[in-house]
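Colleague: Could you walk me through this one? I'm still learning how to read these.

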Amino acid sequence: MSVSAMPHDGLGWAPAQPNAILERRGSSVKILAVCGMGLGSALLLRMQAEKALKQLGLDADLEVTDIGTARAMAPTADLILTSQELADALGPVKPRVVVITNFIDLNEMVTKLGAAIAER
Amino acid sequence: VIVAATLGGDRVGGDLSRLLPPTAVRLSVPAGDWRDAVRAAGAALVASGSTTAAYTDEMIAVVESLGPYIVIAPGIALAHSRPSPAVIRAGLSIVRLASPVAFGHRQNDPVRLVVGLASPDDHGHVAALASLAEFLADADRQTALLHAPDVGAVRELIRRYERERDAA
């Protein structure tokens with residue numbers, strides 16, 4: 001008859017949960033969606049980013065702002081989502097700027113946002 | 001200014017149909033340049049009772065100061081301005097141009113569809129905007145919209161989309 005330190009009750013035991021740490025890291029990604037007034041195309045960007053993050057299985061803080069406020073808010077963000085026009089107007093900022101060409105194409109958002117978050 | 005703190009949970013069935021009455025849809029509209037195109041979207045918002053004529057000028061001023069970033073997808077411009085006294089109530093308009101017009105956008109020109117958007121506040125239009133984006137993102141629906149013979153056909157396309165979406 002063998003003796004084991006492990007209980008053979010068929011339930012096993014739960015390993016430590018590294019997911020908790022990963023999830024925390026994921027939720028710390030702060031994304032700023034920027035448009036001219038913060039309520040047209042930036043809302044579209046935010047909606048698309050929400051869908052894309054869901055598809056990618058990632059979590060992030062998403063905020064919407066207008067171009068006037070974006071420069072002041074930029075240092076607090078990890079990523080900026082905007083159009084080429086407004087990226088040019090924004091000029092050099094600390095966070096990586098992800099330029100979206102087609103605001104209603106979810107594939108473009110998933111590809112670009114996924115790559116930007118992976119490279120962080 | 002941060003707008004729209006929350007976006008979830010405000011989708012309402014029929015939102016697009018409600019904000020896009022027949023008077024707000026115009027097909028085969030002639031436009032010589034982007035100003036004409038935006039003006040047509042503004043005129044449709046005025047006709048549906050969503051805005052006063054001043055809002056049209058505000059939409060044009062946005063492009064004059066910030067450039068053609070409102071061309072949000074190939075062939076599609078989203079004309080809008082801020083909530084202002086010129087907005088009577090939330091509304092959308094769709095203008096299909098008789099011939100494509102250049103807005104000066106490097107990738108998404110020329111524009112064939114101009115969507116007008118007016119909202120009295122920062123969030124009342126969010127659900128409708130989400131629906132419209134979803135509606136236009138589908139290539140088949142966009143093709144159908146570009147070839148719809150009349151306003152009734154456009155309205156039916158939108159109603160069909162809403163039925164399918166609400167059933168999902």
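Modeller: Here is a walk through the interface, the core and two backbone details. This is a predicted model, in which local features need pLDDT of at least 70 and side-chain atom pairs count only at pLDDT 80 or more, while totals for chains, interfaces and linings use all residues. Residues are numbered from 1 along each chain as its sequence is written, chains are lettered from A in the order in which they are written, and side-chain values use heavy atoms, with hydrogens and water left out.

Colleague: How many residues of chain A are in contact with chain B?

Modeller: On the chain A side there are 29, in contact with 35 residues of chain B, where contact means heavy atoms within 4.5 Å. Met37(A), Leu39(A) and Ile104(A) supply 27% of the area that chain A buries against chain B, more than any other three residues.

Colleague: And what is the area buried between them?

Modeller: About 2600 Å², with carbon and sulfur atoms giving 65% of that area; buried area is the accessible area (1.4 Å probe) that two parts lose on being put together, summed over both.

Colleague: How many salt bridges are there between the chains?

Modeller: The count is two, a salt bridge being a side-chain nitrogen of Lys or Arg within 4 Å of a carboxyl oxygen of Asp or Glu. Lys51(A) and Glu134(B) form a salt bridge through their side chains, at 3.7 Å from N to O.

Colleague: Switching to the core, which residues touch the most other members?

Modeller: The largest nonpolar core has 94 residues, and those touching the most other members include Ile31(A), Phe103(B) and Leu136(B). Such a core is a set of buried (under 20% relative accessible area, 1.4 Å probe, protein chains only) Ala, Val, Leu, Ile, Met, Phe, Trp, Tyr and Cys residues joined through side-chain atoms within 4.5 Å. Leaving aside neighbours within four places in sequence, Leu136(B) has contacts that include Ile104(A), Ile76(B) and Leu145(B).

Colleague: Any backbone oddities? Where is Ser28(B) found?

Modeller: Ser28(B) lies in strand E1 (residues 25-29) of chain B, strands being DSSP runs of at least two residues and numbered from the N terminus. Ser28(B) has a positive phi of about 55 degrees although it is not a glycine, whereas most residues other than glycine have a negative phi.

Colleague: And which peptide bond is cis?

Modeller: The bond from Asp109(B) to Pro110(B) is cis, with omega near -10 degrees, and Pro110(B) sits in the loop between strand E4 (91-101) and strand E5 (111-118) of chain B.

How values were computed: Helices (H or I, at least four residues) and strands (E, at least two) are DSSP runs, numbered from the N terminus. Buried means under 20% relative accessible area, exposed over 50%, partly exposed in between (1.4 Å probe, protein chains only).
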